[in-house]
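User: I would like to learn how to read a few features of a protein model. Please start with surface exposure.

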Amino acid sequence: MLNKGACDNNKLRRSERSVKIAILDSGVTKSAVNGPVLMLLKSPRVKLGKQLHPSLPWNVDINGHGTHVAGLVRRVCPYADIYIYRVVQDGEAIDKSIGADALADAVYVKKVDIISMSFGWKDDSDEKLRAVVERARANKVLLFAATSNGGNRSRDGIAYPARAADIFGIDAAEVHGKPSRFNPVDMSRSQRLTALGELVRSSYPANLPIEESEPGSRRMIGTSSATPIAAGIAGLILEFARQ
């Protein structure tokens, strides 16, 4: 990450606004947090994107996935403004209409620079969703999406929107950079990026049961973990460019 003394808001003279990153996921827990990892999420830089539905409060995360993702973005790019969009209930499929609404708000209202999506769908038949993805790209927003974790067992290939043109489809890698075995084998798209996605430690709600030595953190595996890391790296590059 960039040196704190070089990019602290109190010390850096900025010619442009701070980098803005939107996270579409399962929400984030900022209250029941303990330890240095989760303390990152208590920053005022982590804020509501939009309340998409009464049943989707942004600051409640009952499965820990969104909290883990948000923690990774904060650790990689700590001086970005992060907008949280809760788009999913625990154990339920993501409604494409809700996903489209989140994208539209992030692009047109919050005017974010980067969007991280650690999810995807098998098909791209929803016209509303396709249209907002196209408009986001036209507005030069950088979209990062997980490719999927099916490996050679799945015939579904790369999920949408990761397989769409001009979207950064993110595969996972182990600690030495070797591609993970669960990456999709679909070779129809050659332009795919890779980031660390195995045993990645990040924030996790302290009130959820896990087998970890330190409450408030968890190691997770998947392209879902690689995607926010890639998005955070892009945020660092953009922040450096704006200096």
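Analyst: Buried means under 20% relative accessible area, exposed means over 50%, and partly exposed is in between. The model here is predicted. Leu142, at 31% relative accessibility, is therefore partly exposed. Leu142 belongs to strand 5 (residues 142–146). Together with Phe168 and Leu193, Leu142 makes a nonpolar surface patch of about 220 Å².

User: How is the packing angle of helix 4 and helix 5 to be read?

Analyst: Angles under 35 degrees count as roughly parallel. Helix 4 (residues 96–109) and helix 5 (residues 127–138) pack at about 20°, with axes 9 Å apart, so the two helices are roughly parallel to each other. The crossing of helix 4 past helix 5 is left-handed.

User: Which salt bridges involve these two helices, and where do their partners lie?

Analyst: A salt bridge needs a side-chain nitrogen of Lys or Arg within 4 Å of a carboxyl oxygen of Asp or Glu. By this rule there are seven salt bridges. One of them joins Lys96 and Asp123 at 3.9 Å, N to O. Lys96 lies in helix 4 and Asp123 in the loop between strand 4 (114–117) and helix 5, so the pair ties together parts 27 residues apart in sequence. Another pair is Asp101 and Lys128, with the closest N and O atoms 2.8 Å apart. This pair links helix 4, which holds Asp101, to helix 5, which holds Lys128.

User: Is Arg137 of the Glu134 salt bridge buried or exposed?

Analyst: Arg137 counts as buried, because its relative accessibility is 17%. Its partner Glu134 is partly exposed at 43%. Their closest N and O atoms are 2.5 Å apart, and both residues lie in helix 5, about one turn apart.

Key:
Residues numbered from 1 in each chain as written. Predicted model: local features only at pLDDT ≥ 70, side-chain atom pairs only at ≥ 80, totals over all residues. Heavy atoms only, no water. Patch = residues over 30% accessible without salt bridge, like charges linked within 9 Å, V, L, I, M, F, W, Y side chains within 5 Å. Areas by Shrake-Rupley, 256 points an atom, 1.4 Å probe, with all protein chains shown as cover. Helix = DSSP H or I, 4+ residues; strand = E, 2+ residues; numbered from the N terminus. Buried < 20%, exposed > 50% of the residue type's maximum accessible area, 1.4 Å probe, protein only. Axes fitted to C-alpha atoms, helices over the stretch in contact; angles between N-to-C directions. Parallel < 35°, antiparallel > 145°, perpendicular 65-115°, else oblique. Left-handed = near helix turned anticlockwise from the far one by under 90°.
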